[in-house]
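Please look over the sequence and the structure shown below. The briefing after it deals with charged pairs and with one buried site.

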Amino acid sequence: MANTDVCSYKMAGFFDSKIRKLFQNPEKILSPYINKGMTVLDLGCGPGFFTIEMAKIVGETGKVVGADLQEEMLSKVKSKIQGTNLEDIIELHNTQKDSIGLNEKFDFILVFYMLHEVPNQDKTLKELHDLLNNQGKLLIVEPKGHVSKRF
């Protein structure tokens, strides 16, 4: 059952804390899935906690799309990467409530702690499937208590 309340951009500081890196180390989580030169999507990127690490891993020959429903979250990512080489690697995309709204193919897609906020999960999962390359991988991570046992 989806909880369609989107976590507010006002919580961005909590999502981007140094303490969080102790429990959810982006490099450790992502490095088994991402390599240099890949094209990857961070869906529900928030303030860029994973987006920035993804860009460091894919390097100058890769591409990261940080996508979020809230323009304020995308603004936070933009301010972090402004004036750095990450600006050339990270593309920001504002999703819609009912659609991711992308047409390109990805080698890897991360959906971290946000699928439970999506009203039509089946539609979103179909859209994610369609965005993956033939050998692409999708990593979905959800917090305990936000998903039913059927998942």
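What follows covers the salt bridges and then a single threonine.

This is a predicted model. It holds three salt bridges. Side chains of opposite charge can pair when their charged atoms come close.

**Salt bridges around lysine 63**
- Lysine 63 pairs with glutamate 91, and their closest N and O atoms are 3.0 Å apart.
- Lysine 63 belongs to strand S2 (residues 63-68) and glutamate 91 to strand S3, so this salt bridge ties together parts that lie 28 residues apart in sequence.
- Lysine 63 also forms a salt bridge with glutamate 104, again with 3.0 Å between the closest N and O atoms.
- That pair links distant parts of the chain, 41 residues apart, since glutamate 104 sits in the loop between S3 and S4.
- Lysine 63 is partly exposed at 24% relative accessible area, glutamate 91 is partly exposed at 32%, and glutamate 104 is partly exposed at 25%.

**Salt bridge in helix H6**
- Aspartate 130 and lysine 126 form a salt bridge with their closest N and O atoms 2.8 Å apart.
- The two residues are four places apart in helix H6 (residues 121-131), which means that about one helical turn separates them.
- Aspartate 130 is partly exposed, with a relative accessible area of 35%.
- Through shared partners, salt bridges join Lys63, Glu91 and Glu104 into one network.

**Threonine 95**
- Threonine 95 is in the loop between strand S3 (90-94) and strand S4 (106-112).
- Its relative accessibility is 8%, so threonine 95 counts as buried, the cut-off being under 20%.
- A polar atom of the threonine 95 side chain lies 3.2 Å from the backbone nitrogen of leucine 69.
- Beyond its neighbours within four places in sequence, threonine 95 is in contact with Leu43, Ala67, Asp68, Leu69 and Ile100.

Technical notes
Residues numbered from 1 in each chain as written. Predicted model: local features only at pLDDT ≥ 70, side-chain atom pairs only at ≥ 80, totals over all residues. Heavy atoms only, no water. Buried < 20%, exposed > 50% of the residue type's maximum accessible area, 1.4 Å probe, protein only. Polar contact = N/O pair within 3.5 Å; in protein donor to acceptor, adjacent residues only side chain to side chain. Contact = heavy atoms within 4.5 Å. Salt bridge = Lys/Arg side-chain N within 4 Å of Asp/Glu carboxyl O.
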